[in-house]
Amino acid sequence: MGYAFSSGYGILLLAFGVLPTLYAIFLAFTKNGSFVGLDNFSKVFGDYRFFPAVQHVALYLVVYLVCLILFVVLLALIVHAVRSRWLSTSVRFLYYIPGALAGASSVLLWLFLLDPTVSPVAFVLRGMGLDSFVQTVSIDNLPVIFTIIAFWTGAGGWIVIMYGALNNISEEVMEAARIDGAGPIGTAWYIQIPMLRKWISYMGIMALAAGTQLFVEPRVLSQASKGVVPPDYSLNQLAYLYAFSQKDFNGSAAISLILLVVAVGLAAFFVFRGGLFERE
Amino acid sequence: MASQHRRFARLLAVTAAVATVGLLSACSGGDTGASDSGLGFQSVEQVADSPITVWVDAAREPIATAFKAANPDIPITIETYDGNAGGSDSFKTKMALFDQSGEGWPDVVFSTQTNDASWAAQESNGVQAFAAPLNKGVLDDSFLSGFTAGANAPMTVDGTVYGLRNDLAPVVLWYNQKLLDQFGYTVPTTWEEYEALSDKLAADHPGYILGSVGDGFTGTYVYYWGAQAPIFQVDGDAFSTNFADDHSKRMTALLDHMIANKTLVQDSVFGANFASYSDKLVAIPGPAWYSGAVFQNTAGLNVPAGEIGAAAPLYWNGEDKVTGNVGGGVWYASSHSKNLKAVADFLKYAVSSDKAAELASGLPAYTATSDAWLKTQSGSGYFVGDFAGAVNTAASSVWDGWGFPSFSPETAYSSIVIPGLAAGKSVADLVPAWEAEIKNEAQVQGYTVK
């Protein structure tokens with residue numbers, strides 16, 4: 001029975017995860033079907049768009065991961081500390097709503113918010129000296145904009161998960177801490193956060209996997225801004241351009257492999273630092 | 001119970017295996033039943049009455065629907081896509097996918113870009129070029145000779161025509177007669193007069209404007225092309241861009257001068273903010289299609305009738321009277337089509353029928369159609385002055401020094417110049433980065449950059 005239940009996932013994983021990966025590995029080391037070693041990689045490294053794209057994604061990841069971990073943990077602790085039951089439930093619900101909007105549609109919503117000529121919060125943008133959409137989406141602002149969009153859509157789900165994890169910490173431990181004289185901050189710092197470690201690193205891995213694949217947000221912004229946000233902002237966009245604009249599927253596969261190696265490396269860091277696979 | 005599970009698991013495994021084999025064979029399949037039918041390319045076996053699929057943008061949907069109504073015996077599916085607008089490359093990317101899968105191509109595609117022949121006329125990764133040659137048997141010469149001279153030149157490679165121009169978009173000088181009368185100005189005829197007028201206007205009537213540099217197509221096609229600036233030239237596999245040329249330098253200086261005196265604005269002509277210039281726009285160099293898309297558009301400037309006129313394009317004093325061109329759509333036929341006869345009927349209808357003249361939103365490229373369209377436009381009483389004369393003059397004087405490589409000049413302008421201007425830099429400051437970006441793009445696309 002167990003096999004039957006997991007076969008659905010297994011087959012989909014094979015068809016849309018493992019097989020495409022193997023196909024990409026094959027493509028990345030070949031050209032027109034014959035083995036070419038690292039040629040595709042050196043071509044990609046030599047592309048003038050490659051390192052700017054790496055920088056863009058790296059900067060975004062740093063800003064996003066730091067904000068995500070900091071604010072999700074903080075908000076979860078606060079919501080958990082709220083004694084009033086209805087307030088806590090409604091706040092969690094509120095956090096979760098934006099997550100229901102799927103990728104591109106949430107970006108469309110942000111297009112309105114970010115354009116000072118139509119935005120309901122135009123005064124905030126103008127207050128920051130941003131008088132036109134072009135100024136708002138200037139390349140230096142993008143990591144922050146993408147972080148806000150990603151946080152807004154994704155953080156709610158994580159807050160709910162962290163809240164659940166906090167509920168799992170046994171009441172005896174919490175009570176013992178209180179008796180020892182720990183206030184809310186002390187409890188959070190010495191008891192709750194260390195016990196959330198695995199959850200935080202799990203969140204880090206998932207956010208990293210999603211973040212390195214940054215594509216929908218810059219793509220939609222690029223089309224909406226008629227190219228002011230360049231079509232080659234992120235690595236995934238560059239891979240897309242390679243495949244469909246230059247019809248070079250081998251170069252595209254090489255970029256995907258580089259992304260995979262980097263993402264797996266960073267995920268390994270979180271797994272071992274976060275003790276994700278340890279059993280107590 | 002246990003054996004049932006096993007059977008289920010086996011069924012799943014078999015399904016997965018079949019799907020995998022199917023996927024793999026789809027990737028390698030393709031060249032079946034091809035024959036050279038005397039059309040200048042390997043057409044697939046023709047099946048009479050097989051349905052055709054037509055891809056159009058929203059603006060071309062009415063003509064496709066009209067064809068369907070007029071030809072109930074030809075089975076046709078109309079699909080709307082973004083029309084490849086703004087260099088979105090959707091036409092190219094979708095065809096690359098069909099090339100990869102070996103099936104699924106539409107029979108007719110409309111593209112708003114003029115440079116698609118650079119890739120659509122080329123074989124790619126061993127798959128036959130998407131665009132079918134049209135002057136080797138698909139369409140007869142008597143029909144093809146009805147186009148405005150040079151209209152199909154961007155889609156012609158070594159004498160073979162790969163696409164039919166839907167509309168021409170020569171740049172004219174649009175002006176507001178009411179404002180000119182009110183301020184006592186005359187219509188400028190040269191770039192020098194245009195620049196001089198900007199100083200007068202800025203001094204006497206601040207807040208009124210003479211154009212916009214906020215779109216990828218205005219900076220490049222309207223200003224630099226119209227100024228004969230050789231910043232985007234192709235010769236075979238060689239690409240060159242020259243900002244140091246005198247024409248380029250003069251246009252850069254003109255733009256910076258007029259951006260500084262605020263008669264050129266940075267708003268996109270399609271942006272929400274541009275509508276606020278409805279009664280502030282004194283003149284603007286722009287393509288023929290501004291008539292419908294900007295002036296007579298309720299979401300655009302929406303200027304009342306009897307104020308707007310078109311004048312002959314601006315040129316440099318003492319030099320050739322030439323102008324730029326902003327796109328103009330193109331119809332392509334698929335070389336993979338199973339019903340080229342229906343495709344030919346559709347193409348003829350789309351560019352040369354009475355309905356085409358009636359539904360056109362810009363200057364049609366087919367002479368008979370454009371005559372009918374210009375007559376209607378002039379007769380409508382919306383425009384002042386000699387509208388048809390100005391548009392005809394412009395249509396026959398597009399500068400032929402601008403190239404059509406496989407990438408758009410709009411992307412570099414949009415990603416470098418527009419945000420740079422918004423950050424307070426001048427065009428001259430941005431030229432080095434802009435030039436480098438154009439050269440890099442050319443190199444990535446496989447051109448030898450000079």
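**Buried sites, chain contacts and salt bridges in a predicted two-chain model**

B:Asn176 is in contact with B:Leu281, B:Val282, B:Val303, B:Glu307 and B:Ile308, leaving aside residues up to four places away in sequence. The model is a predicted one. B:Asn176 belongs to strand β9 of chain B, which runs over residues 171–176. With a relative accessible area of 2%, B:Asn176 falls under the 20% limit and is therefore buried.

A second buried site in chain B is B:Thr220, whose relative accessibility is 1%. B:Thr220 sits in helix α8, residues 216–226 of chain B. Its contacts, again without residues up to four places away in sequence, are B:Trp225, B:Trp402, B:Pro409, B:Glu410, B:Tyr413 and B:Trp434.

The secondary structure of chain A consists of 14 helices and two strands. The C-alpha trace of this chain extends about 70 × 55 × 35 Å along its principal axes. Of the 280 residues in chain A, 43% are buried. When contacts in chain A are restricted to residues at least 6 apart in sequence, 66% of them connect residues at least 24 apart.

Helix α2 of chain A, residues 39–46, contains the buried residues A:Asn40, A:Phe41 and A:Val44. These residues lie on the same side of α2(A), because the arc they cover around the axis is only 100 degrees. The packing partners of the buried residues of α2(A) are, in chain A, the helices α1 (2–28), α3 (50–81), α13 (235–244) and α14 (249–273), together with strand β1 (30–31).

The contact between the two chains was examined next. In chain B, 32 residues are in contact with 25 residues of chain A. About 2400 Å² is buried between chain B and chain A, and 63% of this area is on carbon and sulfur atoms. Five residue pairs are in polar contact between chain B and chain A, with both residues of each pair at pLDDT 80 or more. On the side of chain B that touches chain A, the elements giving two or more residues are α1 (2–28), α3 (90–101), α15 (409–422) and α16 (427–444) of chain B. The residues on this side of chain B comprise 12 nonpolar, 14 polar and six charged.

One salt bridge is counted between chain B and chain A. Side chains of opposite charge can pair when their charged atoms come close. In this salt bridge A:Lys247 is joined to B:Asp99, with 3.7 Å between the closest N and O atoms. The pair runs from the loop between α13 and α14 of chain A, where A:Lys247 is located, to helix α3 of chain B, which holds B:Asp99. Both ends of the pair are under the 20% limit for a buried residue. The relative accessibility of A:Lys247 is 13%, and the relative accessible area of B:Asp99 is 12%.

Over all chains, the whole structure has 14 salt bridges. In chain B, B:Arg60 and B:Asp57 form one in which the closest N and O atoms are 3.0 Å apart, and both residues are buried. In chain A, a salt bridge links A:Arg178 to A:Glu171, with the closest N and O atoms 3.2 Å apart. A:Arg178 is partly exposed, at a relative accessible area of 43%. A network of salt bridges also connects A:Lys31, A:Lys43 and A:Asp248.

Positive phi values outside glycine were noted at two sites, one of them in each chain. For A:Asn32, phi is near 50 degrees. A:Asn32 is placed in the loop between β1 and β2 (34–35) of chain A, and this residue is exposed, with a relative accessible area of 69%. For B:Asp49, phi is about 65 degrees. B:Asp49 is in the loop between β2 (42–44) and β3 (52–56) of chain B. The relative accessibility of B:Asp49 is 60%, so the residue counts as exposed.

Conventions:
Residues numbered from 1 in each chain as written. Chains lettered and ligands numbered in written order. Heavy atoms only, no water. Buried < 20%, exposed > 50% of the residue type's maximum accessible area, 1.4 Å probe, protein only. Helix = DSSP H or I, 4+ residues; strand = E, 2+ residues; numbered from the N terminus. Arc of directions from axis to C-beta. Contact = heavy atoms within 4.5 Å. Buried area = accessible area lost by both parts, 1.4 Å probe. Salt bridge = Lys/Arg side-chain N within 4 Å of Asp/Glu carboxyl O. Polar contact = N/O pair within 3.5 Å; in protein donor to acceptor, adjacent residues only side chain to side chain. Nonpolar A, V, L, I, M, F, W, Y, C, P; charged D, E, K, R; others polar.
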